[in-house]
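Reader: I would like to learn how to read a few features of a protein model. Where do we begin?
Author: With the structure itself, and then one feature at a time.

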Amino acid sequence: MEVRTIMRKKFVAAVAAFAALCGMVSVPANAAETTQPIREDVTPHVLVPIPVPESKLVSEPEPVDIDALAAAVIRGEYGDGEARRAALGDNYDAVQARVNELVPVAAPVVSQPVQAAPVVSQSVQSAPAQSVPQAAPRSYTFEDVYNLAVNSPYCELEDGSDLPQCYWHDGAGDGSEPPYTDIVYMPDGYGYQAHEDTMTVSVFARNPWL
């Protein structure tokens with residue numbers, strides 16, 4: 001009986017000393033002597049540390065900035081296809097959805113065949129040819145006509161239609177008496193006939209040359 005009592009006193013003293021070290025209670029110097037007897041039917045209390053759940057020991061993950069990741073994807077920092085999926089991991093679906101919102105997919109351009117405008121043919125009517133009025137004849141004198149005759153080739157045809165400019169003489173060397181026929185055909189479209197009996201010049205429209 002005495003041994004048990006001594007053991008209990010020592011146990012109580014040890015518990016009190018431990019509590020004092022932890023700052024829980026203050027133990028008087030004569031704690032061992034002043035300790036009340038412990039009832040034999042009471043189970044002594046023992047301090048047991050309470051385990052902390054591991055879930056509370058793990059730090060909470062920082063929230064993911066989806067907008068920042070979407071901006072980085074748009075800049076090309078995460079590549080594309082499977083490389084982007086692997087780099088983003090569990091955030092791929094959320095980030096890709098945000099990217100699609102920021103950069104909507106352009107609708108495909110449907111090319112339509114271009115139909116050429118019908119060509120309306122218009123008949124081009126040529127302007128009617130306008131006749132150029134014939135220039136007025138020259139005012140040649142009798143001497144001018146003879147000078148032109150000397151410098152002009154001889155006409156093969158009497159109307160002078162074989163050359164632009166030629167000289168026609170009728171009656172020369174045939175023994176006929178004057179007046180002779182002396183005509184100079186000029187390119188201006190006129191024939192100039194010299195009359196020796198009157199020393200004058202008459203003008204008429206010539207036939208066009210061939």
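**Helix packing, a disulfide and a backbone angle**

Author: This is a predicted model. In it, helix 4 (residues 66–74) packs against helix 6 (residues 92–102) at an angle of about 65°, and their axes are 9 Å apart. Helix 4 is therefore roughly perpendicular to helix 6.

Reader: What describes two packed helices in general?

Author: The angle between the two axes and the distance between those axes. For helix 4 and helix 6, the handedness can be added: their crossing is right-handed.

Reader: Which residues of helix 4 and helix 6 make the contact?

Author: Helix 4 contributes Ile66, Asp67, Leu69, Ala70, Val73 and Ile74. From helix 6 come Ala94, Val95, Arg98, Val99 and Leu102. Sorted by class, this contact of helix 4 with helix 6 has nine nonpolar residues, no polar ones and two charged ones.

Reader: Where is Ala68 found, and what is its distance from Val95?

Author: Ala68 is in helix 4. Its C-alpha is 9.0 Å from that of Val95, and the two residues are 27 positions apart in sequence. Ala68 counts as partly exposed because its relative accessibility is 41%, and the partly exposed class lies between 20% and 50%.

Reader: At what angle do helix 5 and helix 6 cross?

Author: At roughly 120°, and the axes of helix 5 (residues 81–88) and helix 6 come within 9 Å. The range for roughly perpendicular ends at 115 degrees, so helix 5 and helix 6 are oblique to each other. Arg84, Arg85 and Leu88 of helix 5 meet Tyr92, Asp93, Val95 and Gln96 of helix 6. By class, the contact of helix 5 with helix 6 has three nonpolar, one polar and three charged residues.

Reader: Now the cysteines. What is a disulfide?

Author: A covalent bond between the sulfur atoms of two cysteines. A search of the whole structure finds one. Cys155 and Cys166 form this disulfide, with their sulfur atoms 1.9 Å apart.

Reader: Which parts of the chain does the pair link?

Author: Distant parts of the chain. Cys155 is in the loop between helix 7 (142–150) and strand 1 (166–170), while Cys166 is in strand 1, and the two are 11 residues apart.

Reader: Is the disulfide of Cys155 and Cys166 left-handed or right-handed, and are the two cysteines buried or exposed?

Author: The S-S torsion of Cys155 and Cys166 is about 100°, so the disulfide is right-handed. Cys155 and Cys166 are both buried.

Reader: What sign does phi usually have?

Author: Most residues other than glycine have a negative phi. Met199 is not a glycine, yet its phi is positive, about 60°. Met199 lies in the loop between strand 3 (190–195) and strand 4 (200–205). With 46% relative accessibility, Met199 counts as partly exposed.

Reader: How many helices and strands does the protein chain have?

Author: The protein chain has seven helices and four strands. Along the sequence, the pattern is α-α-α-α-α-α-α-β-β-β-β.

Reader: What percentage of the residues count as buried?

Author: Of the 210 residues of the protein chain, 18%. As for contacts with a separation of 6 or more, 40% are between residues 24 or more positions apart.

Note on methods: Residues numbered from 1 in each chain as written. Predicted model: local features only at pLDDT ≥ 70, side-chain atom pairs only at ≥ 80, totals over all residues. Heavy atoms only, no water. Axes fitted to C-alpha atoms, helices over the stretch in contact; angles between N-to-C directions. Parallel < 35°, antiparallel > 145°, perpendicular 65-115°, else oblique. Left-handed = near helix turned anticlockwise from the far one by under 90°. Contact = heavy atoms within 4.5 Å. Nonpolar A, V, L, I, M, F, W, Y, C, P; charged D, E, K, R; others polar. Disulfide = S-S within 2.5 Å. Buried < 20%, exposed > 50% of the residue type's maximum accessible area, 1.4 Å probe, protein only.
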